[in-house]
Amino acid sequence: MSVGSRVRRVAVIAAPPVSMFNLAIPEMLFGKVEIDGGPGYETVICTPDPGPVTTTGGLDLVVPHGLEAVEGADTVILAGSGAYEDPDPRVLDVLRASAGDGKRIASICTGAFALAEAGLLDGRAATTYWAYRPLLAARHPAVDLQDDVLFVQDGPVLTSSGYAAGIDLCLHVIRTDHGAAVANAVARLALVAPVRPGGQTQFTQTPLPPERGVSFADTRAWAMEHLDEPLGLTDLARHAGVSVRTLSRRFHAETGVSPLQWLLHQRVERAKELLETTSLAMDQVARASGLGSADSLRQHVLRRTGLTPSAYRSSFNRLTGAVAR
């Protein structure tokens, strides 16, 4: 059986009052995964009391499935809830049972409070939306709370910060299960940014407004088409028509990372896609992705994935008989 050929089941727990946006993210992204012509995931939404579920926006959603839907799931995701300070004991019991069964467990935004209350974050690295981080730290001092990151994975437990960071977490799960090519294809279909590293900063302060309308979206798109070239700060600044200093400052304000960090991340993602979708030799993959040499390719892929390029290709290749040379 090839990697990704089995349909994985994702159970999303909606604890009232649930965030509608949080709830929509997993269904939107996992529902777009297609493997070998079929769905990669089955997503089911469940709640402690099936029927109308109140949302943080004041509307009611009808959720027909109870928490028993979690039993057959591979991954359990807890959406953010307005009742984060007083999580439902039934949800806590299901989370503990799921952890005992070895399921992958994740939370979006304030869902981290229930994971912490269930004892699943004790001694683990975790995060939540920056505005709630002081409260989570005060209530659960045993949690190794990470400041200013989009999402954190510590073993089988994942937590994300607020709102759109749930998108990054779900794309990370898809990438883990099916590889970078599939995750980036889903991102394109959903019209969201490609997979971002979990260590990227949360935007805890209002970004500076673009100076004279300057935005580096066009420069990032241009760089994506020239990743195989020896791009540096001077090249990016020249394309954007600004100084290197302005580029560095404004690029970080727009993306949360430096230009060179962004370039390296995109090059590693390109290398992973090539490993998954071509039979190019390792030195060719390195050159085509802008990583230079096979040794550099090995260093960066191993650091990001825990696998050598050859092992990564063996695990995620989409070509019959693809070989690493």
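A salt bridge here is a side-chain nitrogen of Lys or Arg within 4 Å of a carboxyl oxygen of Asp or Glu. The model is predicted.

**Exercise 1. The overall picture**

Task: State how many helices and strands the protein has, and what share of its residues count as buried.

Solution:
- Start with the elements: the protein has 13 helices and 12 strands.
- Turn to burial: of 325 residues, 49% count as buried.
- Consider the surface. About 14600 Å² is exposed, and carbon and sulfur atoms supply 53% of it.
- Finish with contacts. Take those between residues at least 6 apart in sequence: 66% of them join residues at least 24 apart.

**Exercise 2. Bridges between strands and helices**

Task: Find which residue pairs with E42 in a salt bridge, and where the two partners lie in the chain.

Solution:
- Apply the cut-off of 4 Å. The side chains of E42 and R9 meet at 2.8 Å, N to O.
- Place the partners: E42 is in strand β4 (residues 41–46) and R9 in strand β1 (residues 8–13). They are 33 residues apart, so the pair links distant parts of the chain.
- Check exposure: E42 is partly exposed, at 41% relative accessible area.

Task: Decide whether D177 and R104 are buried or exposed.

Solution:
- Note the contact first: D177 and R104 form a salt bridge of 2.8 Å, N to O.
- Locate the residues. D177 sits in helix α5 (residues 165–178), R104 in strand β8 (residues 104–107), 73 residues apart.
- Use the burial limit of under 20%. D177 is at 8% relative accessibility, so D177 is buried.
- R104 has a relative accessible area of 16%, so R104 is buried too.

**Exercise 3. A bridge within one helix**

Task: Explain why E254 and R250 are separated by about one helical turn.

Solution:
- The salt bridge between E254 and R250 spans 3.9 Å, N to O.
- Recall the helix rule: an α-helix has 3.6 residues a turn, so residues three or four places apart point the same way.
- E254 and R250 are 4 residues apart in helix α9 (residues 244–255), which means about one helical turn.
- Compare exposure: E254 is partly exposed at 24%, whereas R250 is buried at 3%.
- Add the network: salt bridges that share partners join R8, R104 and D177. The protein's count comes to 16 salt bridges.

**Exercise 4. The buried side of α7**

Task: Name which residues of helix α7 (residues 217–224) are buried, and what they pack against.

Solution:
- The buried residues are T219, R220 and A223.
- They cover an arc of only 100 degrees around the axis, so they lie on the same side of α7.
- The buried residues of α7 pack against α8 (233–240), α9 and α10 (259–277).

**Exercise 5. The sheet and its helices**

Task: Work out which strands stand at the edges of the open sheet of 6 strands.

Solution:
- Write the order: β4-β1-β7-β8-β12-β11, with mixed pairing.
- β4 and β11 (151–154) stand at the edges, because each has a single partner strand.
- Neighbouring strands are turned by 15 degrees against each other on average, direction ignored.
- Look at one pair: 4 bridges join β1 to β7 (residues 75–78), and the two run parallel. V10 stands opposite T75 in β7.
- Add the helices. Helix α1 (residues 20–30) lies across β1, β4 and β7, at about 160 degrees to β4. Helix α5 packs on the sheet, touching strands including β8 and β12 (157–160), and its direction makes about 150 degrees with that of β12.

Definitions and conventions
Residues are numbered from 1 along each chain as its sequence is written. This is a predicted model: local features need pLDDT of at least 70, side-chain atom pairs count only at pLDDT 80 or more; totals for chains, interfaces and linings use all residues. Side-chain values use heavy atoms; hydrogens and water are left out. Buried means under 20% relative accessible area, exposed over 50%, partly exposed in between (1.4 Å probe, protein chains only). Contact means heavy atoms within 4.5 Å. Accessible areas come from the Shrake-Rupley method with a 1.4 Å probe; for residues, only the protein chains shown count as cover. The arc is that of the directions from the helix axis to the C-beta atoms. Two strands pair if DSSP finds at least two bridges between them. Axes are lines fitted to C-alpha atoms, for helices over the stretch in contact, and angles run from 0 to 180 degrees between N-to-C directions.
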